[in-house]
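Colleague: I've got a fresh model open and I'd like to learn how to read it. Could you walk me through some features?

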Amino acid sequence: MASRSIMRTARLARTAVAGARKVSVSRNVLSATALPAASAAIKPAFQTRGLKTLDFGGTIENVIERSDYPPEKYQEIFKDDTLCMLGYGTQGRGQALNLRDNGMNVIVGIRENGGSWQKALDDGWVPGKNLFNIDDALSKGSVIMYLLSDAGQKLAWDQVKPHLTAGKTLYVSHGFSVVFREDSGVVPPADIDVVLCAPKGSGTTVRNLFLEGRGINGSVAVHQDVSGNAKERIEALGIAVGCGYLYETTFEKETYSDLVGERGVLMGMVQGAFKAQYDVLRAQGHSPSEAFNETCEEATQSLYPLIGANGMDWMYANCSTTAQRGALDWYPKFEKALKPVFQELYDEVKNGNECRRSIEINSKPDYKESLEKELDVLRESEMWRAGVTVRSLRPENQ
């Protein structure tokens, strides 16, 4: 591909990023991929930001930053609270560990001796002190952090709701169950605060960036403000769980954009586009290695990091003239072809069809077995089997 003219730039950029991460991680003793049991000893060297109102492509928006809520401030705001984390999947685990490291009074509530219990023990949570079964944790918590899966929230709601007594707070990291309450059955009591903080990444990323002294971006919203302080509390809690900066949204907008993104450019569309181009190249006689490299490997290893760091305009300005001309001529055709699909996707999200489909399928008793069969189709496809071989050839994997 003509973009090989920027490969040296790409390598230098990746080297610089890797070096910066290595230095940052070494200062925190542990690597970004190591989630330690004794996490309470970690004290990340936080960056400080200052701007609060920014221009996003011509629209002025408020931004909440870490400097707005230093540790002493959010610790003071929640000094009389017990944060009860329900769910210890990637998001619940990452946020709970960050809260603990940030000096917050947080407990974890999970099914005793269930799949996550041992993981919590390995992470240093102590039964009877800050690790409890679900009912005991709910009885102790004043801020109920409901981070079960969307389908799990529907199933557990009858157990959780009686503990949401007047004056408490319900915290979620996705508005799904509240927005689609007619389908989920999750209707919060009218006498509690209901707030949202949605870190824009997996719980693993939330944790890793925290350990590096950085912070993921996230959105915050208030669904019910009974206390009169819900906005300040969710902003403070968003920083305490590990976000570096926060922007304002609503429960509905967070839910719709999140579901569209997952099904679209973040995962669903990417797989569809990769496979379409790969199949065309293979049908025209290109080898699997060439088809994979020109479709997936160059995108993920060379171009995407540069786009993320500098923007698409920079990418177009720093490739060969042949690649530049082709990209400028063809992107409007792809936009025209894809926009109706994205509009259909948005409509299906907004009307609740995607919600109902997700709850129905994800609640089936054989869901994990069925999911594994679907993942096997991807895993055993020629494209991703070729990818295994290509990734093994990367110098860092030798």
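Colleague: Let me start with one residue: is Leu 266 buried or exposed?

Modeller: Bear in mind that this is a predicted model. For burial you look at relative accessible area, and anything over 50% counts as exposed. Leu 266 has 60% relative accessibility, so it is exposed. You'll find Leu 266 in the loop between α11 (251-263) and α12 (268-283). Together with Val 265 and Met 267, Leu 266 makes a nonpolar surface patch of about 330 Å².

Colleague: And for the whole chain, what percentage of the residues is buried?

Modeller: Of the 398 residues, 41% are buried. The chain has 18 helices and ten strands, and it exposes about 21000 Å², with 54% of that supplied by carbon and sulfur atoms. As for contacts with a separation of 6 or more, 70% of them involve residues 24 or more positions apart.

Colleague: How do I read a helix pair, then? At what angle do α12 and α13 cross?

Modeller: You take the two axes and ask how close they come and at what angle. The axes of α12 and α13 (residues 288-310) come within 7 Å and cross at roughly 145°, and the crossing is right-handed. On the α12 side the contact residues include Phe 274, Tyr 278 and Leu 281, while those from α13 include Phe 292, Cys 296 and Tyr 304.

Colleague: What about backbone angles? Which sign does phi have at Asn 113?

Modeller: Most residues other than glycine have a negative phi. Asn 113 is not a glycine, yet its phi is positive, about 65°. Asn 113 sits in the loop between β4 (106-109) and α4 (117-122) and is exposed, at 64% relative accessible area. There's a glycine to look at too: Gly 242, just after α10, has a positive phi of about 120°.

Colleague: Since you mention α10, how many of its residues are buried?

Modeller: Nine of the eleven, so α10 is mostly covered. Among the buried ones are Arg 233, Ile 234, Glu 235 and Leu 237. Glu 235 also belongs to a salt-bridge network with Lys 231 and Glu 248. In the loop between β9 (216-224) and α10 (230-240) you'll find Gly 228, which is exposed at 53% relative accessibility. Gly 228 is 35 residues from Asp 193 in sequence, with 8.7 Å between their C-alpha atoms.

Colleague: Salt bridges next. How many does the structure hold?

Modeller: It holds 18. For each pair, check the N to O distance, then the sequence separation, then burial. Arg 207 and Asp 101 form one, with their closest N and O atoms 2.9 Å apart. That pair links helix α9 (residues 203-211) to helix α3 (residues 90-101), across 106 residues. Arg 207 is buried at 0% relative accessible area, and Asp 101 is buried at 11%.

Colleague: Which parts does the bridge between Glu 354 and Arg 263 tie together?

Modeller: Their side chains meet at 2.6 Å, N to O. Glu 354 is in helix α16 (residues 353-362) and Arg 263 in helix α11, so the bridge ties together parts 91 residues apart in sequence. Glu 354 is buried at 18%, whereas Arg 263 is partly exposed at 27%.

Colleague: And are Arg 394 and Glu 297 buried or exposed?

Modeller: Both are buried. They form a salt bridge with the closest N and O atoms 2.8 Å apart. Arg 394 lies in the segment after α18 (382-392) and Glu 297 in helix α13, 97 residues apart.

Notes: Residues numbered from 1 in each chain as written. Predicted model: local features only at pLDDT ≥ 70, side-chain atom pairs only at ≥ 80, totals over all residues. Heavy atoms only, no water. Patch = residues over 30% accessible without salt bridge, like charges linked within 9 Å, V, L, I, M, F, W, Y side chains within 5 Å. Areas by Shrake-Rupley, 256 points an atom, 1.4 Å probe, with all protein chains shown as cover. Salt bridge = Lys/Arg side-chain N within 4 Å of Asp/Glu carboxyl O. Helix = DSSP H or I, 4+ residues; strand = E, 2+ residues; numbered from the N terminus. Buried < 20%, exposed > 50% of the residue type's maximum accessible area, 1.4 Å probe, protein only. Axes fitted to C-alpha atoms, helices over the stretch in contact; angles between N-to-C directions. Left-handed = near helix turned anticlockwise from the far one by under 90°. Contact = heavy atoms within 4.5 Å.
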